[in-house]
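This report describes salt bridges in one protein chain and the surroundings of the residues that form them. Please view the structure below before reading on.

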Amino acid sequence: MVYSSVDGRRIFLAYRTVFTGPHAQIRKSKKGPRGHRAAQRVVQPLIRDFGFDKVADIVKTLLDQRVFESELKAKIAFPELFQTSPARDVQRNESETMLRGP
C-alpha cells in the first residue's frame with residue numbers, strides 16, 4: 001500500500017507503544033488495529049479520519065517493514081521524528097559528562 005509520510009508517521013506514533021517487544025512481530029490479528037485496549041483512545045480518531053481499512057493497511061505495512069521492532073528502521077522511515085536540536089545535544093552531552101564524572 002502506498003501512503004503519505006504524514007499518514008504513516010501519525011499511525012506509527014499512535015501504535016509504537018502498542019507494538020513493542022514481542023508484540024512488534026505480530027503479523028496477523030483477528031481484531032485488527034483496534035484490538036489493543038490501551039490504544040483505544042488513540043485509535044478511534046485515526047479510524048474516524050482514515051477509515052478502518054486504511055489504518056489496518058498502514059499498520060500491516062509498518063509491521064511487515066519491521067519499523068516497530070527496530071529503532072534504526074524507524075529512524076530511516078521517519079527521520080524527522082528523531083532529529084534533535086543543538087540545545088538538546090548540548091544538554092545530553094553535559095548530562096553524560098556529569099554521569100561519567102571528572
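## Helix α1 and helix α3

In this predicted model, the side chains of D7 and K54 form a salt bridge, with an N to O distance of 2.8 Å. The two residues come from distant parts of the chain: D7 belongs to helix α1 (residues 5-15) and K54 to helix α3 (residues 52-64), with their positions 47 residues apart.

D7 has a relative accessible area of 14% and is buried, because buried means under 20%. K54, at 26%, is partly exposed.

## Helix α1 and the loop between α4 and α5

A salt bridge also joins the side chains of R9 and E80, where the N to O distance is 2.6 Å. R9 is again part of helix α1, while E80 sits in the loop between α4 (71-77) and α5 (86-100); the pair links distant parts of the chain, 71 residues apart.

R9 has a relative accessibility of 23% and counts as partly exposed. E80 is likewise partly exposed, with a relative accessible area of 32%.

## Helix α1 and helix α2

R10 pairs with D49 in a further salt bridge, in which the closest N and O atoms are 2.7 Å apart. R10 lies in helix α1 and D49 in helix α2 (residues 40-50), so this contact ties together parts that are 39 residues apart in sequence.

The relative accessible area of R10 is 34%, which places R10 in the partly exposed class. D49 is partly exposed as well, at 46% relative accessibility.

## Overall count

The model contains six salt bridges, including the D7 and K54 pair, the R9 and E80 pair, and the R10 and D49 pair.

Notes
Residues are numbered from 1 along each chain as its sequence is written. This is a predicted model: local features need pLDDT of at least 70, side-chain atom pairs count only at pLDDT 80 or more; totals for chains, interfaces and linings use all residues. Side-chain values use heavy atoms; hydrogens and water are left out. A salt bridge is a side-chain nitrogen of Lys or Arg within 4 Å of a carboxyl oxygen of Asp or Glu. Helices (H or I, at least four residues) and strands (E, at least two) are DSSP runs, numbered from the N terminus. Buried means under 20% relative accessible area, exposed over 50%, partly exposed in between (1.4 Å probe, protein chains only).
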